[in-house]
Amino acid sequence: MTTSVSAISRQKVSELISSMAMGNLSEVEVEAFKRYVLVSSKLRAGVVDGKLICLWGLIPPTMLSDQAYLWLHTTEAAQEHEFILVRRSQIELKKMLEEFPRIIGHCEVGAEQSIRWLRWLGASFGDHDGRLVPFEIVRKE
């Protein structure tokens, strides 16, 4: 089994948005995803045995910020490789926290798999505001 996490170009992500791997997104989600890709300072793709598992990126509010917003999109193939996703995420998160000591984001209420993944990464959660639960992951000094 070969796994990799690598930087990915905005062009490649745009191609993936309209591919089969991303075909389960609604039109609204596709537009949001395109905005995330456009403003992300870092884009990464996780691949196992040539299959796309996930895409994620970091969006800092300013170029000089010490925090960034983390977004993640997983494909159906991620369920088959949950352990690898968590382990590689831990490695990548360590790198992210070197650049941004505070990672923030939101997770959908009831998205148990996502919440569990974030807890494994050390996230703490705030109170939900309807559909979304805010989270943060802070670098340990």
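These exercises work through the fold of one protein chain in a predicted model.

**Exercise 1. The overall layout**

Find how many helices and strands the protein chain has, and in which order they come.

Solution.
- Start with the count. The protein chain has four helices and seven strands.
- Next, read along the sequence. The pattern is β-α-α-β-β-β-α-β-α-β-β.
- Then turn to burial. Of the 141 residues in the protein chain, 40% count as buried.
- Finish with the contacts. Take those in the protein chain with a separation of 6 or more: residues 24 or more positions apart account for 59% of them.

**Exercise 2. Strand pairing from β2 to β5**

Determine in which sense β2 and β3 pair, then β3 and β4, then β4 and β5.

Solution.
- Begin with β2 (residues 42-48) and β3. Their pairing is antiparallel, with seven bridges. Arg 44 has Trp 56 of β3 as its bridge partner.
- Look at the hairpin of β2 and β3. Two residues lie between the strands, and Asp 49 has a positive phi near 50 degrees.
- Move to β3 and β4. These strands run antiparallel and are joined by six bridges. Cys 54 has Thr 74 of β4 as its bridge partner.
- Now take β4 (residues 67-74) and β5. Here the sense is parallel, over three bridges. Tyr 69 stands opposite Ile 104 of β5.
- Check how covered β3 (residues 51-59) is. Eight of its nine residues are buried, so the strand is mostly covered.

**Exercise 3. The loop between β3 and β4**

Decide whether Pro 61 is buried or exposed.

Solution.
- Place the residue. Pro 61 sits in the loop between β3 and β4.
- Apply the cut-off. Exposed means over 50% relative accessible area. Pro 61 has 57% relative accessibility, so Pro 61 counts as exposed.
- Add a distance. Pro 61 and Val 39 are 22 residues apart in sequence, and their C-alpha atoms are 9.3 Å apart.

**Exercise 4. The strands β5, β6 and β7**

Work out which side chains of β7 are buried, and how β7 pairs with β5 and β6.

Solution.
- Split β7 (residues 132-138) into two faces. Val 133, Phe 135 and Ile 137 point to one face and are buried. Leu 132, Pro 134, Glu 136 and Val 138 point to the other and are not buried.
- Do likewise for β5 (residues 102-108). The covered face holds Ile 103, Gly 105 and Cys 107. The uncovered face holds Arg 102, Ile 104, His 106 and Glu 108.
- Pair β5 with β7. The sense is antiparallel, with seven bridges. His 106 stands opposite Pro 134 of β7.
- Pair β6 (residues 124-125) with β7. This pairing is also antiparallel, over two bridges. Ser 124 stands opposite Glu 136 of β7.
- Inspect the hairpin of β6 and β7. Six residues lie between the strands, and Gly 130 has a positive phi near 100 degrees.

**Exercise 5. The crossing of α3 and α4**

Classify the orientation of α3 and α4, and identify which residues make the contact.

Solution.
- Take the geometry. The axes of α3 (residues 82-99) and α4 (residues 112-120) come within 10 Å and cross at roughly 40 degrees.
- Use the cut-offs. Angles under 35 degrees count as roughly parallel, and 65 to 115 as roughly perpendicular. The crossing falls in neither class, so α3 and α4 are oblique to each other.
- Assign the hand. α3 passes α4 in a right-handed crossing.
- List the contact. α3 supplies Glu 82, Leu 85, Val 86, Ser 89 and Gln 90. α4 supplies Gln 113, Arg 116, Trp 117 and Trp 120.
- Sort by class. The contact has four nonpolar, three polar and two charged residues.

**Exercise 6. Two residues compared**

Establish whether Leu 93 and Gly 110 are buried or exposed.

Solution.
- Locate Leu 93. It is found in helix α3.
- Apply the cut-off. Buried means under 20% relative accessible area. Leu 93 has 6%, so Leu 93 is buried.
- Name its neighbours. Beyond four places in sequence, Leu 93 touches Ile 103, Leu 121 and Ile 137.
- Add a distance. The C-alpha atoms of Leu 93 and Gly 122 are separated by 9.8 Å, with their positions 29 residues apart along the chain.
- Locate Gly 110. It lies in the loop between β5 and α4.
- Read its accessibility. The value is 53%, so Gly 110 counts as exposed.
- Close with its distance. Gly 110 and Arg 131 are 8.7 Å apart, C-alpha to C-alpha, and 21 residues apart in sequence.

Technical notes: Residues numbered from 1 in each chain as written. Predicted model: local features only at pLDDT ≥ 70, side-chain atom pairs only at ≥ 80, totals over all residues. Heavy atoms only, no water. Axes fitted to C-alpha atoms, helices over the stretch in contact; angles between N-to-C directions. Parallel < 35°, antiparallel > 145°, perpendicular 65-115°, else oblique. Left-handed = near helix turned anticlockwise from the far one by under 90°. Contact = heavy atoms within 4.5 Å. Nonpolar A, V, L, I, M, F, W, Y, C, P; charged D, E, K, R; others polar. Buried < 20%, exposed > 50% of the residue type's maximum accessible area, 1.4 Å probe, protein only. Pairing = 2+ DSSP bridges.
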